[in-house]
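Work through these exercises with the structure open beside you. Try each task before reading its solution.

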Amino acid sequence: MIETMATAAESVARPQDAVVRRDVKQRRDWAKWGLGAYFAVFLFFLYIPMILMAILSFQGDTGQLTFPFRGPISIDWWRTLWDTNLFNTIADDVSASGRQSLWLSLVAGALVAIFGFSLSMAFRRHWRLKGDVIAFFILMLALMTPAFLVGLGNQLLWKFMGYTPNLWYTALGANVIWGIPFSFLVMLAVWNRYDRHVEEAARDLGANGPTTFREVTLPLVWTGIFGSFLFGFTLTWNDFDRTILLQSGYEAQPLPILIGTWPQSRPILPNLYALGAGTTAVTLALIAVVLIAITARLRLRGAPIQSVEEEFGVESGGGIKVDAADASKS
């Protein structure tokens with residue numbers, strides 16, 4: 001009887017159980033559309049000079065520096081960058097400047113990554129000290145100081161000490177100082193999402209300090225270190241304001257100095273556009289290669305285990321794989 005009454009009560013439709021459906025008009029998020037349009041305009045004004053420069057570098061022999069484009073389409077202006085047999089060739093200057101910029105940027109990138117990582121480790125361990133706040137703003141001074149003032153101050157300092165400005169001493173030091181704040185901020189962002197319990201677990205399992213640092217800490221933060229290296233490399237590769245004041249003038253000039261002083265040293269031709277587009281392409285290609293390598297590495301690290309034997313180290317014959325070092329210890 002009770003079951004029958006419960007079934008009848010459930011079958012009775014109650015007004016409060018009715019689902020009311022209303023047509024809700026989707027409101028357009030105008031703020032999102034406005035920010036998207038602003039971003040598109042920003043990208044347009046950022047990249048259109050590079051695109052136009054690359055287009056004008058493919059003109060024919062009668063090409064000029066402004067529109068309209070004078071055909072036919074040719075790579076003759078690009079060939080002047082490496083072919084020494086052409087009339088308007090700049091191959092020797094580009095080769096010397098390219099090697100100088102490449103080595104200078106590599107060394108600056110390595111130093112920026114090392115100093116930025118070391119400073120971030122110090123702040124990570126002693127962030128609660130009152131002096132850390134002052135040290136943080138001192139590090140940021142190189143980021144906020146105008147580039148020309150940094151170069152001028154370094155030049156006056158070295159001349160006061162009796163040293164002639166040199167590309168590998170004064171200019172390298174100024175570029176490293178400029179890149180350290182970028183590296184430091186990148187590493188702070190990495191440490192903010194770093195889980196310290198991983199290191200504690202490694203020590204609980206018997207690893208000492210150097211082993212934990214080498215096999216646990218570095219593999220987890222290597223992307224930040226490499227990002228710091230890229231910052232140091234690209235900033236030095238494209239720097240003009242600091243380097244122009246801190247070189248002797250008798251050595252091979254880096255590419256930014258060669259491009260910046262072009263109007264005073266030689267006639268302006270479309271091969272200047274080819275050189276500018278080429279340096280930009282080198283930077284973009286380097287970033288693309290790095291992104292592809294990182295993507296491939298992450299996919300390999302995230303590959304699923306194919307079998308239980310592979311996970312536990314069991315060989316196909318039923319035995320368990322034993323490392324020779326572990327066997328000798330036992």
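**Exercise 1. Burial and a charged network**

Is Asp-76 buried, partly exposed or exposed? Classify Asp-76, then follow its salt bridges.

*Solution.*
Step 1. The model is predicted. Take the cut-offs first: buried is under 20% relative accessible area, and exposed is over 50%.
Step 2. Asp-76 has a relative accessible area of 25%, so Asp-76 is partly exposed.
Step 3. Look for a partner. Arg-79 forms a salt bridge with Asp-76, with the closest N and O atoms 3.7 Å apart.
Step 4. Check the spacing. Both residues sit in helix H3 (residues 76-79), and because they are 3 residues apart there, about one helical turn separates them.
Step 5. Arg-79 also pairs with Asp-83, where the closest N and O atoms are 3.1 Å apart.
Step 6. Classify the other two residues. Arg-79 is at 30% relative accessibility and so counts as partly exposed. Asp-83 has a relative accessible area of 16%, so Asp-83 is buried.
Step 7. Put it together: Asp-76, Arg-79 and Asp-83 are linked in a network of salt bridges.

**Exercise 2. A second place to look for charge pairs**

How many salt bridges are there by the distance rule? Describe the one between Arg-242 and Asp-239, and state the burial of both residues.

*Solution.*
Step 1. Recall the principle: side chains of opposite charge can pair when their charged atoms come close.
Step 2. The rule asks for a side-chain nitrogen of Lys or Arg within 4 Å of a carboxyl oxygen of Asp or Glu. By this rule the count is 4 salt bridges.
Step 3. Arg-242 and Asp-239 meet through their side chains at 3.2 Å, N to O.
Step 4. Arg-242 has a relative accessible area of 4% and is therefore buried. Asp-239, at 4% relative accessibility, also counts as buried.

**Exercise 3. The overall fold**

Which kinds of secondary structure does the chain contain, and what fraction of its residues is buried?

*Solution.*
Step 1. Count elements: the chain has 14 helices and 0 strands.
Step 2. Count burial: of the 330 residues, 31% count as buried.
Step 3. Check the contacts between residues at least 6 apart in sequence. Of these, 66% join residues at least 24 apart.
Step 4. Turn to the surface. The accessible surface comes to about 22500 Å², and 65% of this belongs to carbon and sulfur atoms.

**Exercise 4. The nonpolar cores**

Which residues of the largest nonpolar core touch the most other members?

*Solution.*
Step 1. This core has 17 residues, and the ones with the most contacts to other members are Leu-81, Val-94 and Leu-275.
Step 2. Find the contributors. Helices H4 (91-125), H9 (209-237), H10 (255-260) and H12 (271-301) each give two or more residues.
Step 3. H12 supplies the largest share, 5 residues.
Step 4. Leave aside residues up to four places away in sequence. Leu-81 then touches Ile-90, Ala-91, Val-94, Asn-271, Ala-274 and Leu-275.
Step 5. Another core lies apart from this one, with 15 residues, including Met-140, Leu-167, Ala-171 and Ala-174.

**Exercise 5. Where H9 meets its surroundings**

Is Ser-228 buried or exposed? Then list what Ser-228 touches.

*Solution.*
Step 1. Ser-228 lies in helix H9. Its relative accessible area is 1%, so Ser-228 is buried.
Step 2. Beyond four places in sequence, Ser-228 touches Gly-109, Val-112, Ala-113, Ser-183, Val-186 and Met-187.
Step 3. Now try Ala-110, in helix H4. Ala-110 has a relative accessible area of 34% and is therefore partly exposed.
Step 4. Ala-110 and Phe-233 are 123 residues apart along the chain, yet their C-alpha atoms are separated by 8.0 Å.

**Exercise 6. A nonpolar patch**

Which residues make the nonpolar surface patch of about 970 Å²?

*Solution.*
Step 1. The patch is made by Tyr-38, Phe-39, Phe-42, Leu-46, Tyr-47, Met-50, Ile-51, Leu-52, Ile-55 and Phe-67.
Step 2. Tyr-38 is in helix H2 (residues 30-56). Tyr-38 is at 60% relative accessibility, so Tyr-38 counts as exposed.

**Exercise 7. Confidence**

Which helix has the lowest mean pLDDT, and which the highest?

*Solution.*
Step 1. The chain mean is 78, and 80% of residues reach 70 or more.
Step 2. Helix H13 (residues 308-312) has the lowest mean, 46, and H2 the highest, 88.
Step 3. Residues 308-314 stay under 50, with 9 contacts beyond four places in sequence. Residues 318-330 are also below 50, with 8 contacts beyond near neighbours in sequence.
Step 4. Where pLDDT is low, the predicted coordinates should not be read in detail.

Note on methods
Residues are numbered from 1 along each chain as its sequence is written. Side-chain values use heavy atoms; hydrogens and water are left out. A nonpolar core is a set of buried Ala, Val, Leu, Ile, Met, Phe, Trp, Tyr and Cys residues joined through side-chain atoms within 4.5 Å. Buried means under 20% relative accessible area, exposed over 50%, partly exposed in between (1.4 Å probe, protein chains only). Helices (H or I, at least four residues) and strands (E, at least two) are DSSP runs, numbered from the N terminus. Contact means heavy atoms within 4.5 Å. Patches are made of residues with over 30% relative accessible area and no salt bridge: like charges are joined within 9 Å, nonpolar side chains (Val, Leu, Ile, Met, Phe, Trp, Tyr) within 5 Å. Accessible areas come from the Shrake-Rupley method with a 1.4 Å probe; for residues, only the protein chains shown count as cover. pLDDT is the predictor's confidence in each residue, from 0 to 100.
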